[in-house]
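Work through the following exercises with the sequence and the 3D structure side by side. Try each task on your own before you read its solution.

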Amino acid sequence: TASQVVIDERSGKVLRDQKYPGRPQSSTEEFQEAVSIIGHDPALASLVAGGAVPEGGFIVDGPSGHPNNDRYILIRLTSPDRRSLLCVALVDLTERIVASAKGSFE
């Protein structure tokens, strides 16, 4: 969830705690963390080592059978020339694992 909290520096008292609908999109750090997780996954490490280009980084729902409250990021791996889609990986940032990896978006 996304929220904004305003705190009085002197007293430490919470002046405002506002929740926002939806979910925040990924940060640069989360994208880099996801790529690192993919690079350590036994089934996908060779793609990264071979020069696959990571793209995307949208925060999405998890795959069926995975915890609903975890944070998932979608990463596409393309060929070094970016002409071919090699893999679509869904990374669970909470568990630090690749939740699913497919050759297409289907």
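The exercises below concern a predicted model, and each one is followed by a worked solution.

**Exercise 1. The sheet**

Task: Find the order of the strands in the open sheet of four strands, and work out which strands stand at the edges.

Solution, step by step:

1. Reading across the sheet, the order is β3-β4-β5-β6, and the pairing is antiparallel.
2. The edge positions belong to β3 (53–60) and β6 (97–102), each of which has a single partner strand, so one side of each is left without a neighbour in the sheet.
3. From one strand to the next, the sheet twists by 25° on average.

**Exercise 2. The pairings of β4**

Task: State how many bridges join β4 to β3 and how many join β4 to β5, and name some of the residue partners.

Solution, step by step:

1. Begin with β3 and β4 (residues 72–78), which pair in the antiparallel sense over seven bridges.
2. Within this pairing, P54 has L77 of β4 as its bridge partner, and G56 stands opposite I75 in β4.
3. Turn next to β5, which runs antiparallel to β4 and is joined to it by seven bridges; here R76 has V88 in β5 as its bridge partner.
4. Finally, look at how β4 and β5 are connected: they form a hairpin with six residues between them.

**Exercise 3. Residues in two loops**

Task: Compare S79 and R82 in the loop between β4 and β5, deciding for each whether the residue is buried or exposed, and then examine R96 in the loop between β5 and β6.

Solution, step by step:

1. S79 has a relative accessibility of 9%, and because buried means under 20%, S79 counts as buried.
2. The surroundings of S79 include V53, S84 and L86, which S79 touches when residues up to four places away in sequence are not counted. In addition, a polar atom of the S79 side chain lies 3.3 Å from the backbone nitrogen of R83.
3. R82 has a relative accessible area of 53%, and since exposed means over 50%, R82 is exposed.
4. The backbone of R82 deserves a second look, for its phi is near 65°, a positive value in a residue other than glycine. As a general background, most residues other than glycine have a negative phi.
5. R96 also has a positive phi, near 60°, while its relative accessible area of 49% makes R96 partly exposed.

**Exercise 4. Salt bridges**

Task: Determine how many salt bridges the structure holds, and describe the pairs formed by R23 with D61 and by E30 with R71.

Solution, step by step:

1. The structure holds six salt bridges.
2. In one of them, the side chains of D61 and R23 meet with an N to O distance of 2.8 Å. This pair links distant parts of the chain, with D61 in the loop between β3 and β4 and R23 in the loop between β2 (14–20) and α1, 38 residues apart.
3. As for accessibility, D61 counts as exposed at 55%, whereas R23 is partly exposed at 40%.
4. The side chains of E30 and R71 also meet in a salt bridge, at 2.7 Å from N to O. Here E30 belongs to helix α1 and R71 to the loop between β3 and β4, and the two residues are 41 residues apart.
5. E30 is buried, with a relative accessible area of 18%.
6. There is also a network, in which salt bridges that share partners join E55, R76 and R82.

**Exercise 5. The helix and the nonpolar core**

Task: Describe where helix α1 lies relative to the sheet, and identify the residues with the most contacts inside the largest nonpolar core.

Solution, step by step:

1. Helix α1 (residues 28–40) lies across β3, β4, β5 (85–92) and β6, and runs at about 65° to β4.
2. The largest nonpolar core has 14 residues, and those with the most contacts inside it are I38, I73, V91 and V98. At least two residues of this core come from each of α1, β4 and β5.
3. Take V98 as an example: leaving out residues up to four places away in sequence, V98 touches I37, I38, D41, L44, A89, L90 and V91.
4. For β4, five of its seven residues are buried, and the strand is thus described as mostly covered.
5. As a general pattern, nonpolar side chains tend to be buried together in soluble globular proteins.

How values were computed:
Residues are numbered from 1 along each chain as its sequence is written. This is a predicted model: local features need pLDDT of at least 70, side-chain atom pairs count only at pLDDT 80 or more; totals for chains, interfaces and linings use all residues. Side-chain values use heavy atoms; hydrogens and water are left out. Two strands pair if DSSP finds at least two bridges between them. Axes are lines fitted to C-alpha atoms, for helices over the stretch in contact, and angles run from 0 to 180 degrees between N-to-C directions. Contact means heavy atoms within 4.5 Å. Buried means under 20% relative accessible area, exposed over 50%, partly exposed in between (1.4 Å probe, protein chains only). A polar contact is a pair of N or O atoms within 3.5 Å; within protein, one must be able to donate a hydrogen and the other to accept it, and residues adjacent in sequence count only if both atoms are side-chain atoms. A salt bridge is a side-chain nitrogen of Lys or Arg within 4 Å of a carboxyl oxygen of Asp or Glu. A nonpolar core is a set of buried Ala, Val, Leu, Ile, Met, Phe, Trp, Tyr and Cys residues joined through side-chain atoms within 4.5 Å.
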